[in-house]
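Hi,

Here is the structure I promised to pass on. My notes on what turned up are underneath.

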Protein chains: 2
Amino acid sequence: METEDAVASLSALAQTHRLEVFRRLMSAGPDGLPAGELAAELSIAPNTLSSHLKILTHSGLVRARRVGRSIIYSVNFSGMQGLMSFLLRDCCQGRPEICEPLLSTAGQAACSPPHLPPDSLGGQPEKQKTHD
Amino acid sequence: METEDAVASLSALAQTHRLEVFRRLMSAGPDGLPAGELAAELSIAPNTLSSHLKILTHSGLVRARRVGRSIIYSVNFSGMQGLMSFLLRDCCQGRPEICEPLLSTAGQAACSPPHLPPDSLGGQPEKQKTHD
DNA sequence: CTTCTGTTTCCATAATTCGAGAATTATCGA
DNA sequence: TCGATAATTCTCGAATTATGGAAACAGAAG
């Protein structure tokens, strides 16, 4: 993955509606969800959602398949993996202790049973005001 | 982290210059780099870079500290971790086999010595460019 | 063929973002 | 104090993006 592709993927996620769609598709797993159900659940106008889904699909983070007259959208996990690898590549320059906790904590958030409250993992970003 | 914060972080990364800055800071590690050096290395006008750095800092992904008359920017690893946790939260709904390879592969890209070809790690990420 | 449903495309408008010139602030050394 | 260096803020034109109404398209059922 190159910078240009990564920017496309990040731009795709950098919008409230699209991020909500992506996260909903994440939780839906490989089975995905039809566009109409996404629109209803997230209260987005169908045509607006359609353009957002187009952007997500075009970025490679989401894929689409037609079933009957519905179009089912789902996360493209390998696309997501490519993005994360790109963001973290060479992050620690031979010092794995720097960025490995980053991954393990994210992994805990990701692969834990869903009934775990998110705060029990301690991942609060501190918004410090230094030279802002 | 909530949707709004995540959108801010993703928007911060969803721009060529800012993504390059972020990745350069990633490779620089906790020591970081002064703004001027970033500007020179990446060929970005100082004032333009400054506004980008402000956006990155405000998003919580980057932090700044003054040293003499330089301002040193570095990655805020806990901010990055918060973003990744948010993106991956509940990704597999109790089926870790779905999203765990996603993390382990990203981890290999992240915490390996630099300049290693990907296949020397045993399993390379097969980047697929699906339809749009 | 006709109708209904689900989804997308086209188009116009409103809002946001990017980049750089000019001016400003902060720090250091003499 | 002054001058030089490092970085930021202000501002605005140009470009991009988000949104929804109207129309069109695709498949299913009659």
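First, a term for later: a polar contact is a pair of N or O atoms within 3.5 Å; within protein, one must be able to donate a hydrogen and the other to accept it, and residues adjacent in sequence count only if both atoms are side-chain atoms.

Some housekeeping. This is a predicted model, where local features need pLDDT of at least 70 and side-chain atom pairs pLDDT 80 or more, while totals for chains, interfaces and linings use all residues. Residues are numbered from 1 along each chain as written, chains are lettered from A and ligands numbered from 1 in written order, and side-chain values use heavy atoms, without hydrogens and water.

Now the two chains. Contact (heavy atoms within 4.5 Å) takes in 69 residues of chain B and 66 residues of chain A. Across this interface there are two residue pairs in polar contact, both at pLDDT 80 or more.

On to the DNA. Strand D has 24 residues around it, and the closest are N47(A), H52(A), R69(A), G36(B) and Y73(B); a residue is near the strand if one of its heavy atoms lies within 4 Å of it. Of the strand D atoms within 4 Å of the protein, 66% belong to sugar and phosphate.

Which side chains reach a phosphate oxygen of strand D with a polar atom? H52(A) does so at 2.5 Å, and T48(A) at 3.0 Å. For R18(A), a side-chain N or O atom is 2.8 Å from a phosphate oxygen of strand D.

Cheers
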